[in-house]
Amino acid sequence: MTHHIIAVRTYLIIYFALIAFLFATVGASFLPSTAPHLLIAMTIATIKAVLIILFFMHVYYSNRLTWIVAVASLLWLTLLLAFTLADYFSRGWLDIPGK
Amino acid sequence: MSVPAVVVEDPPEDYLQEHTLKSWLLTTDHKRVGILYMISVTVFFFVGGAAATLMRLELMTPRGDVLATPDAYNRLFTMHGVIMIFFFLIPAIPAVLGNFLLPLMIGARDLAFPKLNLMSWYVYIIGGMIGIWIMVFGGVDTGWTFYTPFSTMFSNTMVVTAAVAVFITGFSSILTGLNFVVTVHTMRAPGMTWFRLPLFVWSHYATSLIMILGTPVLAISVVLIALERIFGVGIFDPALGGDPILFQHLFWFYSHPAVYIMVLPGFAVVSEIIPCFARRPIFGYKFIAFSSVAIAIFSFLVWGHHMFVSGQSMYAGMIFSILSFLVAIPSAIKVFNWTATLYKGSIRLDTPMLYALGFIGLFTMGGLTGLMLASLAIDVHVHDTYFIVAHFHYIMVGGTVMAYLGGVHFWWPKISGRMYPEFWGKLSAMLVFVGFNLTFFPQFLLGYLGMPRRYFEYRPEFQVLNVMSTAGASILAIGYVMPLVYMLLSLRKPPNAGPNPWGATGLEWQVESPPPVHNFHDPVVVTCDPYMYSPEEAERDYAHDQHVRNA
Amino acid sequence: MHTTSTSATLDDDQPLLMSHFDDLEQQHDASNLGMWFFLATEVMFFSGMLAAYAIYRSLSPEAFHLGSRHMHLWLGFANTLVLLTSSLTMALGVRASQLGRRNQVVWYLLATAVLGIAFLGVKAVEYTKEINHHLFPGKHFVVPADDAEALMKVSATPEELHLNLGRFQMMFVLYFCLTAVHAFHMIVGIVIVLIMAELMRRKWFSGHGTTQIEVLGLYWHFVDVVWVFLYPLLYLID
């Protein structure tokens, strides 16, 4: 079996990066209400998630298939959100009640 | 540090040798789990079939007379749908034939997670027991779709219990899918490259992807239904800011792909039967393989075509309509390739082939009417009529059930070691084909003329077509009972099939019938492509036989 | 004929090979891949609730904004910290098992479980506070007066106000659904972590249980990732 054993140092660096991002996201939530809150919050969350997935979950060192599974599951989540939201946003464009 | 592994002899006996109940209930052998599934889906098929029989009897006359109340009819069609879809069609081919054959076909000794495989059967049985319990103690009247707000606010039937049953059964499907995908990725024998896999495996791989990605969404939508019913918090209640159509989105995100969970394994079976009985290599192997995966992906992009008239935006409807047309492309690729395989083949019309040919015809009918329904304008006209009912029965019964029966006949010699009586087999295939068309073709006409589905009474002018349909259903019933009888009777004889009665290619035909416990005696190495059939050789053999007989 | 391991291979370094696998690498890959596909199903399980969240929030941003102000931001912050730390201990536990340090694995697993329980404890405190403030959806739900007033301001018609009040409750419905499902995953995770710790202590696994601990680690980190998204979505709408 070939495990890539990650150094403790790497784990600690990732951990402190995650903590830093946690502070960043809380800090960003106190920005004035004109700022694009959702965008900032989701970007930071995505970065945190990617760090966890790549290093804590070893995807960075894994074969291509693991990458595909990880990406595909998020893609499918996006599919559901995108198509459903598309319906809700385009309702009422036609000015016909109920369409 | 490596200690040399010790080599032990395989037990010589076949997998059916042990007879104790314990040896069956605690088995982790994929073949035995397949048999357990076979028995249970057969039971559910006949339970669901009994419900269908009662419905057809009720619909023989325009007045409600067989059943006491319209309410009873509502419960009946709901149970017919729930049982047939969740407890028969979805597990039928993957969990029975897939379980049995997938490891054999790729040269593995078992699925990757044998215990999980057994667990999936137990999970299925628990779900099924709850399903039966619902039937006995009250039933559900929402239709298998559980549409809100009826299911959450108005129905006084056992909706929560049904949600639990569906939730649990979903897990059995997830476990099966998970097992198949991992098995195909990690357990292929040396030399079994992706493009040497039988198409059966490709189709099951695509099916498993849908099971993995779709089923959890169904699970969460029935959980939300249950929460809404128990707490009344308004997730789907417009009075509290909810939207009932959101449920339809979530439900169909699974349930449209679920149609492909049902029919892709049908493609799997037909792709094995057609080349074997035409004695030709399959035409367009890669196209068929990739079209399975394409169908699995497209299937997630079209769910909104179930919601054209339920308040979805017109623009979303248009997009879903266009994407639905796209699904026709990979489906048609398959049909054309099977047909091209027949061309210049040396065709033998044995029972499995009759079923497979029936599948191609009926699936094409179902698919083409599906295109009609994908067009917005036609769908608005025939939505919720018998046209829809006929359409999806052409796919599910004409498609999946035909393929399942074809597959069971094709692999029965492998599974049981015995041949079934060919005459009765052919007769049953013909009866099913004729009975099916007589049952469901009139329903296209009924729907087109405007008879709505899910009512227990109808206008008198529809009676002739309804009587035809009921008559067809009785023929269909005979066609379905026959295989059950003659296959069970064939078990009384000693094994007589031999390893390869059809002269088929594929690893599963290289071992004796029934297969040994660990599938293969020697390590498997694959050196050639699948479907190495030769029509010329078949012709020569045939001519030789005739010559010998005449001499 | 096939190969199978016998008691001769039962030393600490070498995992047992199940009879249906060809070699250890195949066995390890199958388990890992199985967990990854299972996590894909988990993503889709959460997706339904996330879709509901996305839709209702985009339809009534103001109601969700007001609702999220009742979440305890700093309790959530503490919980995120706890969970990230538990992920670190889990990752170090996996590393220890890869190196074959059995005792370390047990301690890291115990630390992970303790942090997980701490998370649930904080969550329970939050739930209690919210329930005491009549913010649990259902019959006892009361829209706080100042929020009702604020919603009145942004609503043009009585119908819209009614809708917005409903959506205000919807925020809490989704908050409770999402966090409860997440907490359920935490509970399952903690139970398995504890069982694994005990089994490790008893030297139950062959080959230091590396495969088992790695797979458990994947699950634990996934639950962490879910929370990483839930925290800003539920607590930090400002």
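This tour goes through a predicted model, stopping at two interfaces, one helix and one loop residue.

**Chain B against chain C**

Begin by showing chain B and chain C together and selecting the residues that meet: 46 residues of chain B are in contact with 43 residues of chain C. About 3,900 Å² is buried between these two chains, and carbon and sulfur atoms give 70% of that area. Where is the salt bridge between chain B and chain C? Select C:Asp22 and B:Arg109, whose closest N and O atoms lie 3.0 Å apart; it is the 1 salt bridge that the rule finds across this interface. Polar contacts can be added to the view next, with 11 residue pairs counted between chain B and chain C, both residues being at pLDDT 80 or more.

Now colour the side of chain B that touches chain C by its elements, since strand E1 (6-8) and helices H6 (159-186), H7 (199-231) and H8 (244-278) of chain B each supply at least two residues to it. H7(B) gives the most, with 10 residues. Coloured by class instead, this side of chain B shows 33 nonpolar, 7 polar and 6 charged residues.

**Chain C against chain A**

Keep chain C in view and bring in chain A, where 49 residues of chain C are in contact with 45 residues of chain A. Together, chain C and chain A bury about 4,200 Å², with 83% of this on carbon and sulfur atoms. A search for salt bridges here returns 0, while 3 residue pairs are found in polar contact, both at pLDDT 80 or more. To see what builds the chain C side, select helix H1 (24-59), helix H3 (73-99) and helix H7 (210-235) of chain C, the elements that give two or more residues to it. The largest share, 19 residues, comes from H1(C), and by class this side of chain C has 33 nonpolar, 10 polar and 6 charged residues.

**A helix in chain A**

Select residues 64-90 of chain A, which form helix H3, and place a distance between its end C-alpha atoms: they are 38 Å apart, which agrees with the 39 Å that its 27 residues should span at 1.5 Å a residue. Just after H3(A), stop at A:Gly92, which takes a positive phi of about 85 degrees.

**A loop residue in chain B**

Finally, centre on B:Pro499, in the loop between helix H15 (463-490) and helix H16 (535-550) of chain B. Its relative accessibility is 42%, so B:Pro499 counts as partly exposed. Leaving aside residues up to four places away in sequence, B:Pro499 touches B:Lys414, B:Trp509, B:Val511, B:Glu512 and B:Ser513. Of these contacts, B:Val511 is 12 residues from B:Pro499 in sequence, with 6.0 Å between their C-alpha atoms.

Technical notes
Residues are numbered from 1 along each chain as its sequence is written. Chains are lettered from A and ligands numbered from 1 in the order in which they are written. This is a predicted model: local features need pLDDT of at least 70, side-chain atom pairs count only at pLDDT 80 or more; totals for chains, interfaces and linings use all residues. Side-chain values use heavy atoms; hydrogens and water are left out. Helices (H or I, at least four residues) and strands (E, at least two) are DSSP runs, numbered from the N terminus. The expected span of a helix is 1.5 Å times one less than its number of residues. Contact means heavy atoms within 4.5 Å. Buried area is the accessible area (1.4 Å probe) that two parts lose on being put together, summed over both. A salt bridge is a side-chain nitrogen of Lys or Arg within 4 Å of a carboxyl oxygen of Asp or Glu. A polar contact is a pair of N or O atoms within 3.5 Å; within protein, one must be able to donate a hydrogen and the other to accept it, and residues adjacent in sequence count only if both atoms are side-chain atoms. Ala, Val, Leu, Ile, Met, Phe, Trp, Tyr, Cys and Pro count as nonpolar, Asp, Glu, Lys and Arg as charged, and the others, Gly among them, as polar. Buried means under 20% relative accessible area, exposed over 50%, partly exposed in between (1.4 Å probe, protein chains only).
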